[in-house]
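Q: Please choose one part of this model and take a close look at it. Begin with a single residue, and then follow the chain into the surrounding architecture.

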Amino acid sequence: MRQIIMSAILIASTAMPAAAELITVKSSKPVAEAMDALEAAVGGAGATVFARVDHQAGAASVDLQMPAAQVLIFGNPKLGTPAMNADIAASLYLPLKVAVHEADGGSVLIYEDPASMFADLDIPQDAPFVKTMQGALGKLTGKAAN
């Protein structure tokens, strides 16, 4: 009986996805201004902006209200391709995303740590492209926030 219980615990613990580590960066800028700065920083870094999603506008389009919140979806094949070559399931997490939402006195930029994002994949957390993604996200959000 003990062996069955231990097996069930092992199966349950390996089947559960890892919790995502979210990185937050505070800004005194309003959401639209922080997002404009982020979009400019991404473009200036040579990455491609694929979409900018305005959740508040979407809510308003169906007569609902919510605080300002936007998401920028962007990427660079020089970083994303090695991740997808290591494990094609990385394509579910790429391109990268940064959310900006309204907060007291400004906004907060949020993104998922790439090491956490790829934790359940066949990608080493210390892979060079993971470190580069972490650095790029930190620099881009820092630039946008200030």
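A: Asp 63 is found in the loop between helix H3 (55–60) and E3. The model is predicted, and the description that follows should be read in that light. Although Asp 63 is not a glycine, its phi is positive, at about 60°. The residue counts as exposed because its relative accessible area is 74%, and the cut-off for that term is over 50%.

The loop leads to strand E3, which belongs to a sheet. Five strands make up this open sheet, in the order E1-E5-E4-E3-E2, and their pairing is antiparallel. At the edges are strand E1 (22–27) and strand E2 (48–54), each of which pairs on one side only. On average, and with direction ignored, neighbouring strands of the sheet are turned by 20° against each other. As a general principle, strands of a sheet pair through backbone hydrogen bonds, either parallel or antiparallel.

The individual pairings can now be followed across the sheet. E3 and E4 run antiparallel and are joined by six bridges. Within E4, His 101 stands opposite Ala 69. E4 (residues 96–103) in turn pairs with E5 (residues 106–112) over five bridges, again in the antiparallel sense. Here Ala 103 has Gly 106 in E5 opposite to it. Helix H6 (residues 128–145) packs on the sheet and touches E1, strand E3 (69–75), E4 and E5, while its direction makes about 170° with that of E5.

E4 and E5 also form a hairpin, with two residues between them. One residue in the turn, Gly 105, has a positive phi of about 75°. On the side of E1, six bridges join that strand to E5, and the two run antiparallel. Lys 26 has Val 108 in E5 as its bridge partner. Strand E5 is mostly covered, as five of its seven residues are buried.

The contact between helix and sheet may be examined at one residue. Thr 141 is located in helix H6. It is classed as buried because its relative accessible area is 1%, and the cut-off for burial is under 20%. When residues up to four places away in sequence are not counted, Thr 141 touches Val 25, Leu 38, Val 98, Leu 109 and Tyr 111.

Two of these neighbours, Leu 38 and Leu 109, recur in the largest nonpolar core. That core has 34 residues, and those that touch the most other members are Leu 38, Phe 74, Ala 83, Leu 109, Phe 118, Ile 123 and Met 133. Two or more residues are given to this core by each of helix H2 (31–44), E3, helix H4 (77–86), E4, E5, helix H5 (114–117) and H6. Ile 123 offers an example of the surroundings of a core member: with neighbours within four places in sequence left aside, Ile 123 is in contact with Ala 83, Ala 86, Asp 87, Ala 90, Phe 118, Phe 129 and Val 130.

A further backbone detail concerns Pro 95, which is placed in the loop between H4 and E4. The peptide bond from Leu 94 to Pro 95 is cis, with omega near 5°.

These parts may now be set within the whole chain. The protein chain contains six helices and five strands. From the N terminus on, its elements run α-β-α-β-α-β-α-β-β-α-α. Of its 146 residues, 35% are buried. Among the contacts with a separation of 6 or more, 67% join residues 24 or more positions apart. The chain exposes about 8700 Å², of which carbon and sulfur atoms supply 60%.

Finally, the confidence of the prediction should be considered. The mean pLDDT of the chain is 90, and 87% of its residues reach 70 or more. Over residues 1–16, however, the pLDDT is below 50, and this stretch has zero contacts in the model beyond near neighbours in sequence. Where pLDDT is low, the predicted coordinates should not be read in detail.

Conventions: Residues are numbered from 1 along each chain as its sequence is written. This is a predicted model: local features need pLDDT of at least 70, side-chain atom pairs count only at pLDDT 80 or more; totals for chains, interfaces and linings use all residues. Side-chain values use heavy atoms; hydrogens and water are left out. Two strands pair if DSSP finds at least two bridges between them. Helices (H or I, at least four residues) and strands (E, at least two) are DSSP runs, numbered from the N terminus. Axes are lines fitted to C-alpha atoms, for helices over the stretch in contact, and angles run from 0 to 180 degrees between N-to-C directions. Contact means heavy atoms within 4.5 Å. A nonpolar core is a set of buried Ala, Val, Leu, Ile, Met, Phe, Trp, Tyr and Cys residues joined through side-chain atoms within 4.5 Å. Buried means under 20% relative accessible area, exposed over 50%, partly exposed in between (1.4 Å probe, protein chains only). Accessible areas come from the Shrake-Rupley method with a 1.4 Å probe; for residues, only the protein chains shown count as cover. pLDDT is the predictor's confidence in each residue, from 0 to 100.
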